[in-house]
Amino acid sequence: MRILYLNPCGVMGGAETSLVELLASIISTEPEWDLWLVLGENGPLAEKARALGVNVVVERFSPSVGKLGDSGIRFPSALWSLPNAAVGALLYALRLSRLIELIRPDIIHTNGFKMHLLGAWARPRQVPLVWHIHDYVRKRPLMSRLLRLSRKRCSGAIVNSKSVLADLKSLIPELPATTIYNAVDLERFSPQGPTVDLDTLAGLAPAHAKTIRVGLVGTFARWKGHEVFLEALALLTAEVAIRGYIIGGPVYRTSGSQWQLAELQRRASELGLGGRIGFTGFLDDTAAAMRSLDIVAHASTEPEPFGMVIAEGMACGKAVIVSDAGGASELFRGQEDALAHVPGDSQVLAWQIVRLAGDEALRVRLGTNARNRAVELYGRTRLAKELLRVYAQVSGGQKSPGFAAEPRSVSIPGGEGAK
Ligand code: GLC
């Protein structure tokens with residue numbers, strides 16, 4: 001079986017982290033399968049996929065296609081940039097269809113809105129296409145229209161939560177779709193393993209031995225709630241020994257929809273946080289960073305479609321505070337394996353931080369239950385099983401799980417980074 005994955009960006013956001021886990025799950029279950037990944041830009045994802053043994057081809061987007069999408073559209077400049085981007089996208093689809101002819105996949109699996117469309121346009125008639133949808137579609141008016149228009153070229157969709165499924169079904173009810181929760185590397189994201197010195201990484205003096213460390217881990221997308229987290233920390237009285245950490249950085253190229261570090265630092269100083277907050281910057285080993293915390297905070301201000309950091313924090317056996325909306329609400333049982341707060345409500349978040357900081361037994365109980373639940377829900381075997389079922393269905397049941405294709409040689413002339 002040869003599967004071709006298409007992903008628009010090369011940087012590691014949540015959808016990319018989950019794609020790496022998905023590839024690892026398939027490889028551990030079906031080592032004979034031939035996996036290919038085409039990326040619209042180079043980046044760490046290419047390296048991570050290659051390290052797993054996936055054949056990676058970087059077929060770069062032109063700048064106009066790179067910016068295409070609802071968040072990139074700003075009137076009136078859109079009037080000029082949209083036709084440009086549409087031409088760029090068509091040219092890219094042509095290049096992609098030539099690549100597909102060379103790779104000759106049995107199934108195409110797209111992981112990101114732009115690739116859902118480009119894959120639909122470029123796909124040969126006989127090759128099934130699976131859209132793996134990680135975000136709410138209805139939030140994006142342009143993408144909603146385009147996906148609806150392309151729906152007949154897609155065999156079925158996988159979504160990352162029931163909440164995203166409901167959103168998709170309300171837009172394209174006729175598209176077969178199923179929820180498959182993401183997997184987490186349970187060995188890497190585990191209660192045991194290396195830790196890091198967050199204070200040194202953040203350039204802070206060592207904290208008092210009894211200090212409780214609470215961290216927000218993730219990309220700097222504005223809706224991830226960094227400001228709410230800072231405001232919650234500012235509500236804590238200085239007598240409580242709690243130090244906050246913002247772990248991550250602005251990884252995307254579009255600046256409007258993400259925080260810049262200087263903005264967050266300015267906000268922290270306006271709130272008078274001083275040494276009570278540290279910014280570590282982007283850390284590759286987020287598992288070690290999470291293990292170095294007592295509490296993992298998730299503070300998204302909008303419904304989170306899934307929330308990789310929640311699942312990862314739980315897998316590390318940490319007490320997690322979840323912004324309780326969307327798919328994130330499906331990942332935990334309040335008071336049992338995590339605590340909740342209302343999205344955007346810094347007071348409730350502060351209250352939950354204080355509650356956990358003062359109650360070690362509660363942190364231990366939640367952390368232990370969280371690890372157990374993560375093992376139950378986010379394992380690779382479970383993901384691979386559910387995915388193979390979808391692949392068997394879209395390929396008409398002819399290629400049942402375990403099917404191994406005859407080896408075929410593939411060479412990509414000029415394909416940058418092909419392996
Ligand atoms: C997207 C979603 C996020 C999810 C990730 C992986 O980034 O916004 O909630 O965790 O995909 O599915």
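The shell around the ligand divides into five nonpolar, six polar and two charged residues. This structure is a predicted model.

**The ligand and its shell**

There are 13 residues around the ligand. Those that come nearest are His134, Asp135, Asn182, Glu304 and Gly307. Which helix gives the most to this shell? Helix α1, residues 14-29, does, with three residues.

Polar atoms of the protein lie beside oxygen atoms of the ligand. The table lists three such pairs.

| Residue | Part of the residue | Distance to a ligand oxygen atom |
|---|---|---|
| His134 | polar side-chain atom | 2.6 Å |
| Asp135 | N or O atom in the side chain | 2.6 Å |
| Phe306 | polar backbone atom | 3.0 Å |

How much of the ligand does the protein bury? Taken alone, the ligand exposes 300 Å². The protein buries 92% of that.

**Helix α12**

Helix α12 covers residues 308-315. Is this helix mostly covered or mostly open? It is mostly covered, with eight of its eight residues buried. The buried residues are Met308, Val309, Ile310, Ala311, Glu312, Gly313, Met314 and Ala315.

What do they pack against? Their helix partners are α1, α11 (286-291) and α14 (360-377). Their strand partners are β8 (212-217), β11 (295-297) and β12 (319-323). Helix α1 thus appears twice in this account: it packs against α12, and it gives three residues to the ligand shell.

After α12 comes Gly317. The phi of Gly317 is positive, near 75 degrees.

**The nonpolar cores**

In soluble globular proteins, nonpolar side chains tend to be buried together. Here, the largest nonpolar core has 38 residues. Val38, Trp131 and Ile133 have the most contacts inside it.

Several helices and strands each supply at least two residues of this core. Among the strands are β1 (2-7), β2 (34-39), β5 (129-133) and β6 (156-159). Among the helices are α4 (77-103), α5 (113-122), α6 (141-150) and α7 (162-171). Which of them gives the most? Helix α4 does, with seven residues.

Now look at Val38. Set aside its neighbours within four places in sequence. Val38 is then in contact with Leu4, Tyr5, Leu6, Asn7, Val57, Glu59, Tyr92, Leu96, Leu99, Ile103 and Met115.

Apart from this core lies another, of 32 residues. Its members include Leu198, Met314, Cys316 and Ala370. Met314 is also one of the buried residues of α12.

Key: Residues are numbered from 1 along each chain as its sequence is written. This is a predicted model: local features need pLDDT of at least 70, side-chain atom pairs count only at pLDDT 80 or more; totals for chains, interfaces and linings use all residues. Side-chain values use heavy atoms; hydrogens and water are left out. A residue is near a molecule or strand if one of its heavy atoms lies within 4 Å of it. A polar contact is a pair of N or O atoms within 3.5 Å; within protein, one must be able to donate a hydrogen and the other to accept it, and residues adjacent in sequence count only if both atoms are side-chain atoms. Accessible areas come from the Shrake-Rupley method with a 1.4 Å probe; for residues, only the protein chains shown count as cover. Helices (H or I, at least four residues) and strands (E, at least two) are DSSP runs, numbered from the N terminus. Ala, Val, Leu, Ile, Met, Phe, Trp, Tyr, Cys and Pro count as nonpolar, Asp, Glu, Lys and Arg as charged, and the others, Gly among them, as polar. Buried means under 20% relative accessible area, exposed over 50%, partly exposed in between (1.4 Å probe, protein chains only). Contact means heavy atoms within 4.5 Å. A nonpolar core is a set of buried Ala, Val, Leu, Ile, Met, Phe, Trp, Tyr and Cys residues joined through side-chain atoms within 4.5 Å.
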